[in-house]
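Got a minute to look at a protein chain together? Have a scroll around it, then we'll talk through what some of the usual labels rest on.

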Amino acid sequence: MIRLLAIDIDGTLLDSRGQIPQAHRDAVVEAAGRGIDIALATGRSFHFSRPIADALSVPLTLIVNNGAVVKDRAGATEWRHLLSRDAAHAVLAGTRAYEDSVAIVFDRPGERQVMFERMDWTHPNRRGYYEKNKAFIAEAPAPLAEMLTEDPVQVMFNGHVEPMRALVAALRALPIAGQFSVAVTEYAQRDFSLVDVNGAGCSKGSTLARWAASRGWARDEVMAVGDNLNDVEMLDFAGTAVVMANATGALKTRGYHVTGSNDEGGLATAIRQHALCPGSKF
């Protein structure tokens, strides 16, 4: 029996137009109605995820910033796994070649949640994010490292795929690599990647495991659905792991169940096959 359903947002719950298909909405509502706990597990921050949660109108938990923060739908913080200021300073110092691609993310109310120094928000792959989140984004009045007045949620990079792959290699080669984790989200068709540097051991999977344990649920009572590289730890933890047909190719070779695409009601199909069908097992 599935007791906890963890769903990625972009590329999984949302279709290619950034909308929640009615089939997905209906399946999530039915799952919640049968007593299954719903968690949205995403790389998005809370304020960027909340409109999606509100559109579902079911009780749910938000695991945001790739597992760094857990909030209820009203915004109350349940858990945080922050990146230390010392580690964030070292990351910024070791990645100076990427100063036009980096921002710092904080768990704060209101403005100044995302601080940047040189990032060009007019870039086609950044413009949409900026327009939806500009109330929370602020330009640093001094070098970005000086903005680290508290432990951040993460250091966030974004840019073209190949430079971001080189960045990931550089991050993992830093002497302090053991003090942080790296989550990668790639959109090869758009030549765009997101690289999030979180606290050591932090991932969607580690936070989902902790959340399930706090409720007394075993991993075989957890189902997870995702589509990108930052979902791997979550999918590896879940007893029932499903990837979308539109998922990055690397996920489809790991032995997970594969459902339809996000434009074909794939999430709804997965929920009905694995969570709502009595006796179904991974």
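Here are a few questions and answers about this predicted model.

Q: What makes the chain as compact as a globular protein of its length?
A: Start with what's in it: ten helices and 14 strands. The radius of gyration is 18 Å, and the globule rule gives 19 Å for 282 residues; those values are close, so the chain counts as compact as a globular protein of that length. Along the principal axes, the C-alpha atoms fill a box of roughly 55 × 35 × 35 Å.

Q: Why is glutamine 113 called buried?
A: Buried means under 20% relative accessible area. Glutamine 113 comes in at 10%, so it counts as buried. You'll find glutamine 113 in the loop between strand S6 (102-105) and strand S7 (114-116). Leaving out residues up to four places away in sequence, glutamine 113 touches His47, Ile104, Val105, Phe106, Arg108 and Phe136.

Q: How much of the chain is buried?
A: Buried residues make up 54% of the 282 residues.

Q: Which residues have the most contacts inside the largest nonpolar core?
A: That core has 43 residues, and the ones with the most contacts inside it are Leu5, Leu13, Val28, Leu40 and Ile271. Helix H10 (residues 266-275) gives the most to this core, with five residues. Apart from it lies another core, of 28 residues, including Val91 and Leu144.

Q: What does leucine 40 touch?
A: Not counting residues up to four places away in sequence, its contacts include Ile7, Leu13, Ile52 and Leu62.

Key. Residues are numbered from 1 along each chain as its sequence is written. This is a predicted model: local features need pLDDT of at least 70, side-chain atom pairs count only at pLDDT 80 or more; totals for chains, interfaces and linings use all residues. Side-chain values use heavy atoms; hydrogens and water are left out. A nonpolar core is a set of buried Ala, Val, Leu, Ile, Met, Phe, Trp, Tyr and Cys residues joined through side-chain atoms within 4.5 Å. Buried means under 20% relative accessible area, exposed over 50%, partly exposed in between (1.4 Å probe, protein chains only). Helices (H or I, at least four residues) and strands (E, at least two) are DSSP runs, numbered from the N terminus. Contact means heavy atoms within 4.5 Å. The radius of gyration is taken over C-alpha atoms; the globule rule is 2.2 Å times the number of residues to the power 0.38.
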